[in-house]
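Trainee: Please take a close look at one part of this model, the salt bridges. I would like to know where their partners sit and what surrounds them.

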Amino acid sequence: MKKNQAHLLISSLSGLFLIILDQTFKYLARAYYADSYYLWNPWLGWEYFPNYGIAFSLPFPYPLLIIATPLLLLWFIIQVKERKNTPLFNTGLIFVIAGAFSNLIDRIIFNFTIDYIRIFTAVLNLADIIIVGGAVVCFLADRRARKKGK
């Protein structure tokens, strides 16, 4: 197995693990929706929150979201397979895909995403963190590759 293929496999398995972890947390949040736990009340903790919007609960037409998300995920998957990306950039893309896919599962099953991590005035989930983290990794990897190429 080539080095890039091994890296892609490890990144993909990591993404799958994060999807399973996020879905487990979402199950626990939904199963115990009345229970909230705070490290710093009410600013930092665990609480169930059904999010009918997109990031930061911004409203977005549900039918468009259900159609656009799989198309966007497919485009990201093609980017991983077709482009000559660095392994780090591909890892970032795989994490974005994993987070978006985990939230899509919620939208298909419940018509909303399950958020459970309270940070100040926002409630989010691990999938949201994975998406943002993956996007940051993509940005940094692309920036690094551009500097190397110059």
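Mentor: A residue is called buried under 20% relative accessible area, exposed over 50%, and partly exposed in between. By that scale aspartate 142, at 28% relative accessibility, is partly exposed. The model is a predicted one, and it holds 4 salt bridges.

Aspartate 142 belongs to one of them: its partner is arginine 146, and the closest N and O atoms are 2.8 Å apart. Both residues lie in helix H4 (residues 126-149), and because they are 4 residues apart there, about one helical turn separates them. Arginine 146 has a relative accessible area of 55%, so this residue counts as exposed.

The bridge between lysine 26 and aspartate 106 has its closest N and O atoms 2.9 Å apart. Lysine 26 is in helix H1 (residues 3-31) and aspartate 106 in helix H3 (residues 87-110), so this pair ties together parts that are 80 residues apart in sequence. Lysine 26 and aspartate 106 are both buried. The pair also has company, since Asp22, Lys26 and Asp106 are linked in a network of salt bridges.

Glutamate 47 and arginine 118 form a further salt bridge, at 2.9 Å from N to O. Here the partners come from strands: glutamate 47 from S2 (residues 44-51) and arginine 118 from S3 (residues 113-119), so parts 71 residues apart in sequence are tied together. Glutamate 47 and arginine 118 are buried as well.

The strands of that last pair lead to the sheet. It is open, has 4 strands in the order S1-S2-S3-S4, and pairs in the antiparallel sense. S1 and S4 are the edge strands, each pairing on one side only. On average, neighbouring strands are turned by 40° against each other, direction ignored. H1, the helix of lysine 26, packs on the sheet and touches S2 and S3, with its direction at about 85° to that of S3. H4, the helix of the arginine 146 and aspartate 142 pair, lies across S3 and S4 and runs at about 80° to S3. S1 and S2 are joined over 3 antiparallel bridges, and tyrosine 37 stands opposite tryptophan 46 in S2.

Aspartate 142 also leads towards the nonpolar interior. Phenylalanine 89 touches Arg83, Cys138, Ala141 and Asp142, leaving aside residues up to four places away in sequence. Phenylalanine 89, Cys138 and Ala141 are in turn among the 12 residues of the largest nonpolar core, which also includes Leu73, Phe76, Val80 and Leu104. Helix H2 (62-82), H3 and H4 each supply at least two residues of this core. H3 gives the most, with 7 residues. A second core, separate from that one, has 8 residues, including Leu18, Ala29, Tyr48 and Ile114.

The aromatic residues complete the surroundings. There are 9 aromatic pairs. One of them joins tryptophan 43 and phenylalanine 120, with ring centres 6.4 Å apart and planes at 45°, a tilted arrangement. This pair links distant parts of the chain, 77 residues apart: tryptophan 43 is in the loop between strand S1 (37-40) and S2, and phenylalanine 120 is in the loop between S3 and strand S4 (122-124). Tryptophan 43, at 35% relative accessibility, counts as partly exposed, and phenylalanine 120 also counts as partly exposed, at 47%. Tryptophan 75 and phenylalanine 76 form a tilted pair too, 5.4 Å from centre to centre and with 50° between the planes. In this pair tryptophan 75 is partly exposed at 45% relative accessibility, whereas phenylalanine 76 is buried at 17%. Tryptophan 46, the residue opposite tyrosine 37, takes part in a cluster in which ring pairs link Phe25, Trp46 and Tyr116.

To return to the request, the bridges described fall into two settings. The lysine 26 to aspartate 106 pair is buried, as is the glutamate 47 to arginine 118 pair. In the helix H4 pair, arginine 146 is exposed and aspartate 142 partly exposed.

Methods. Residues are numbered from 1 along each chain as its sequence is written. This is a predicted model: local features need pLDDT of at least 70, side-chain atom pairs count only at pLDDT 80 or more; totals for chains, interfaces and linings use all residues. Side-chain values use heavy atoms; hydrogens and water are left out. A salt bridge is a side-chain nitrogen of Lys or Arg within 4 Å of a carboxyl oxygen of Asp or Glu. Buried means under 20% relative accessible area, exposed over 50%, partly exposed in between (1.4 Å probe, protein chains only). A nonpolar core is a set of buried Ala, Val, Leu, Ile, Met, Phe, Trp, Tyr and Cys residues joined through side-chain atoms within 4.5 Å. Contact means heavy atoms within 4.5 Å. Rings of Phe, Tyr and Trp (its six-membered ring) pair if their centres lie within 6.5 Å; planes under 30 degrees apart count as stacked, over 60 as edge-to-face and the rest as tilted. Two strands pair if DSSP finds at least two bridges between them. Axes are lines fitted to C-alpha atoms, for helices over the stretch in contact, and angles run from 0 to 180 degrees between N-to-C directions.
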